[in-house]
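Okay, thanks for squeezing me in. Let me put the sequence and the model up on the screen, and then I'll walk you through a few things.

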Amino acid sequence: MGWPVMHSRSPMLHNYWFRQHNLAGTYVPLAIRPEGLAAALRALHPLGFAGCNLTIPHKEQALTIVDEVDNVARRIGAISCVIVGPDGSLAGTNNDCYGFVHAIRQEEPSWRADAGPIVVLGAGGGSRAVCYGLAQEGAREIRLVNRTLERAQAIADEFGGPIRALAWDERHDALEGASMVVNTTSQGMVGQAELDIRLDRLPKSSLAADIVYIPLETPFLAEARRRGNRTVNGLGMLLQQARPAWKAWFGVEPEVTAELRQMVEKTI
Ligand SMILES: NC(=O)c1ccc[n+]([C@@H]2O[C@H](COP(=O)([O-])OP(=O)(O)OC[C@H]3O[C@@H](n4cnc5c(N)ncnc54)[C@H](OP(=O)(O)O)[C@@H]3O)[C@@H](O)[C@H]2O)c1
């Protein structure tokens, strides 16, 4: 469910798994206005749905609607996946941080969150999932840089631990000695300006990741790749976050295969 939602690649990926697992089901995009979210979620059970995913702008509002919210969704402050119980009850969870961490692991198997300081650019919804995932994975220092410092500070205050909020002016210098940098801002996404950052302080050994996946290679990632950094784009996060949803809905753990990835890449 989203508004808008028709651009979503999720139906293509979930329907690939329905075919792979010979399950008689289908995944459909549901364009739901914000004011209709509660009624739409309550209709899942009578309509026979096992659950749904939520995207912009529903992830926060859903917290006030579902019957049960797990710890991950509560801490991140957003629900990305709803599971319908046999009695019609609705349970909310968040698979975005699983998606981010597992995408990095799949593409960079030797990656470790505690290898050195990590710079996260942006402090929106995506950033909250990324910061939570990195902290859970044992990151020792997260330099969280955001245009609006207060939003970064709010995440640092809420999550505590390794997160330190930095002002947007500090973004270039924050890269000094970093083992990883992650763009979670919407900059670089199709229709948006490029992310404005100089990479000269970023060690060549650092991993550069972007959660934006349209385009697959943002100007930020292209620049990082040109100067010799390893890069991970945002598509893996989208694909990986769908796996635990299947485990919850159908008790099956589907794979993100090269074929699936290529199929989705072709549409971007
Ligand atoms: N791969 C995936 O599965 C996945 C998952 C989630 C999101 N995403 C992608 O990640 C991006 C962000 O999504 P979101 O949900 O986190 O969005 P969001 O909550 O709206 O946050 C947007 C972030 O971008 C920053 N920003 C916007 N314009 C900027 C500018 N001109 N200069 C500097 N910073 C700017 C915002 O800073 P302020 O706080 O100052 O406004 C904020 O930190 C989107 O492209 C989305 O598609 C991908």
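Let's start with a cysteine, Cys-81: it is buried, with a relative accessible area of just 1%. Keep in mind that this is a predicted model. So does Cys-81 have a partner, and how far away is the closest cysteine sulfur? That sulfur belongs to Cys-52 and sits 7.4 Å from the one in Cys-81, so it's too far for a bond; the cut-off for a disulfide is 2.5 Å.

Cys-97 is buried too, at 10% relative accessible area. For Cys-97 the closest cysteine sulfur is in Cys-131, 11 Å off, and again that's too far for a bond. Overall, the disulfide count comes to zero.

Okay, on to the core. The largest nonpolar core has 32 residues, and Phe-100, Leu-134 and Met-180 have the most contacts inside it. Several elements supply at least two residues each, including α4, β5, α6 and β9. Which one gives the largest share? That's α5, with five residues.

Take Leu-134 from that core. Skipping neighbours within four places in sequence, Leu-134 is in contact with Phe-100 and Met-180, and also with Trp-111, Ala-113, Ile-118, Val-120, Ala-139 and Ile-142.

Last bit: two helices. α1, residues 10-20, packs against α10, residues 258-265, at an angle of about 145 degrees, and their axes are 10 Å apart. The crossing is right-handed. Among the residues making the contact are Tyr-16 and Trp-17 on α1, and Leu-260 and Met-263 on α10. By class, you've got seven nonpolar residues, one polar and two charged.

That's me done, any questions?

Technical notes: Residues are numbered from 1 along each chain as its sequence is written. This is a predicted model: local features need pLDDT of at least 70, side-chain atom pairs count only at pLDDT 80 or more; totals for chains, interfaces and linings use all residues. Side-chain values use heavy atoms; hydrogens and water are left out. Axes are lines fitted to C-alpha atoms, for helices over the stretch in contact, and angles run from 0 to 180 degrees between N-to-C directions. Helices (H or I, at least four residues) and strands (E, at least two) are DSSP runs, numbered from the N terminus. A crossing is left-handed if the near helix is turned anticlockwise from the far one by less than a right angle, and right-handed if clockwise. Contact means heavy atoms within 4.5 Å. Ala, Val, Leu, Ile, Met, Phe, Trp, Tyr, Cys and Pro count as nonpolar, Asp, Glu, Lys and Arg as charged, and the others, Gly among them, as polar. Buried means under 20% relative accessible area, exposed over 50%, partly exposed in between (1.4 Å probe, protein chains only). A nonpolar core is a set of buried Ala, Val, Leu, Ile, Met, Phe, Trp, Tyr and Cys residues joined through side-chain atoms within 4.5 Å.
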